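Me: I am new to this structure and would like to be guided through it. Could we take the strands to begin with, and then the core and the rings?

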Amino acid sequence: MNFFKLLVFILILSNHSNAKYQKVKVGFIDEHYKNILTKEILIDILKDIENRLEYQVNRNIFDIHHTGKPIDILYRTPSQKKIELEKGIKILETKKDKIDRLKKEFKSKESNIKSKRKKLNRFTKSLNKEIKKLNRYIESKNKKQHTQTQYQDIKRYVDKKQKEIKTKTNILNRDKKEFNKKLKRYNKTISLYNKTIRQYNRLQRKIEVLSRNLKEVKGVALGYTEVISKTFYENGYKKTTKETKSYMNKIEIYSFNNLKELKAVLAHEIGHLVGVEHINSKGALMNPILQKNQIDNLSLTPRDIVKFKKNIF
């Protein structure tokens, strides 16, 4: 169940930029990531991003260079809402495992219950036939006169049959008692299953609400904007023009769940570094919301390519 994927990851561009080809370098990597990320791994990720983007755009977008703009991998302590969300997701996964186990368990018990019930019904039907048959026999014999010898023979036969019936009745009662115990356990499993489903659904709704209200910034391209005003006279009239230039200084990455996600976030921020703005297009690398398809397989969409080509001269 993938509802916990609803967590919104925001990818931010600090200022609009008219930048183009850039040089980047590996900056600071927080100790928090020492077991999963090294300078060498980060360089490999950047080279992969470079190859993928430049192959699709057919232009030089960025290079890794010792004088380049730094890429810092920082760590921020998760917010209380995020901690609550992650805790809820773990509990939800546990509930899902329990639901699957209970479902498998009661399916197995259900098959056994049906088999036992059929066997008990056959046994009961067979025993009832024997009782009816014996009753008819006794009824028929009671209608006639018998000698002492015949009476003794009849009595021995009836006693024997009654004893057999009693033995079978005891067996049937024992089997019914055992069946009722199994049925009770089965019903408890069903009840627990339904209860867990209700708990799961309540928790799922809570997580969905938390996810919609939680926006987590994964990374940002930092820089500044310079506005140049020019005043001049034309045809006797005073005119003023403004030219805006943006300069990107660095990239900061604040969190990632795995290296695939880091790659997607980095590629997005590098796009901002070279001047590409956000695209409100589903699946696009430059969509302000981190796209799952980009995490699974980093690739520019047609709209991304147009934006990149427009900014990389």
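Reply: A definition is needed at the outset: two strands pair if DSSP finds at least two bridges between them. Please note also that this is a predicted model.

Me: Understood. Which residue stands opposite D63 in β3?

Reply: That residue is K23. Strands β2 and β3 (residues 62–64) run parallel and are joined by three bridges.

Me: And what sort of unit do β2, α1 and β3 make?

Reply: Together, β2, α1 and β3 form a β-α-β unit that is right-handed.

Me: How many bridges are there between β2 and β4?

Reply: There are four, and the pairing of β2 with β4 is again in the parallel sense. One of the positions involved is V24, whose bridge partner in β4 is K69.

Me: Let us turn to the interior. Which residues touch the most other members of the largest nonpolar core?

Reply: That core has 40 residues, and those with the most contacts to other members are L37, L42, I49, I73, L262, L266 and F308. At least two residues each come from β2 (22–29), α1, β4 (69–73), β6 (237–253), α4 and α6.

Me: Which element gives the most to it?

Reply: Helix α4 does, with seven residues.

Me: What does I49 touch, leaving aside residues up to four places away in sequence?

Reply: The contacts of I49 are F62, K263, L266, A267, I270 and L298. Another core, of 20 residues, lies apart from the largest one, and I89, L92, I113 and I207 are among its members.

Me: F308 was on that list of core residues. Which residues of α6 are buried?

Reply: In helix α6 (residues 302–311), the buried residues are D304, I305, F308 and N311. Viewed down the axis of α6, these residues fall within an arc of 135°, so they line one face of the helix.

Me: Which residues are exposed on the other side of α6?

Reply: P302, V306 and K310 are exposed there.

Me: What do the buried residues of α6 pack against?

Reply: They pack against three helices, namely α1 (39–57), α4 (259–273) and α5 (292–296).

Me: Now the aromatic rings. How many pairs are there?

Reply: The count is three aromatic pairs. In one of them, the ring centres of Y33 and Y75 are 6.2 Å apart and the planes stand at 80°; planes over 60 degrees apart count as edge-to-face, so this pair is edge-to-face.

Me: Where do Y33 and Y75 lie?

Reply: Y33 is in the loop between β2 and α1, while Y75 is in the loop between β4 and α2 (80–142), so the pair ties together parts 42 residues apart in sequence. Y33 counts as buried, at 4% relative accessibility, whereas Y75 is partly exposed, at 34%.

Me: What about Y33 and F256?

Reply: Their ring centres are 4.6 Å apart and their planes are at 20°, so the pair of Y33 and F256 is stacked. F256 belongs to the loop between β6 and α4, and the two residues are 223 residues apart. F256 is buried, with a relative accessible area of 8%.

Me: Which residues do the ring pairs link into a cluster?

Reply: The cluster consists of Y33, Y75 and F256.

Technical notes:
Residues are numbered from 1 along each chain as its sequence is written. This is a predicted model: local features need pLDDT of at least 70, side-chain atom pairs count only at pLDDT 80 or more; totals for chains, interfaces and linings use all residues. Side-chain values use heavy atoms; hydrogens and water are left out. Buried means under 20% relative accessible area, exposed over 50%, partly exposed in between (1.4 Å probe, protein chains only). The arc is that of the directions from the helix axis to the C-beta atoms. Contact means heavy atoms within 4.5 Å. A nonpolar core is a set of buried Ala, Val, Leu, Ile, Met, Phe, Trp, Tyr and Cys residues joined through side-chain atoms within 4.5 Å. A crossover is right-handed if, with the strands pointing away from the viewer, the path from the first strand over the helix to the second runs clockwise. Rings of Phe, Tyr and Trp (its six-membered ring) pair if their centres lie within 6.5 Å; planes under 30 degrees apart count as stacked, over 60 as edge-to-face and the rest as tilted.
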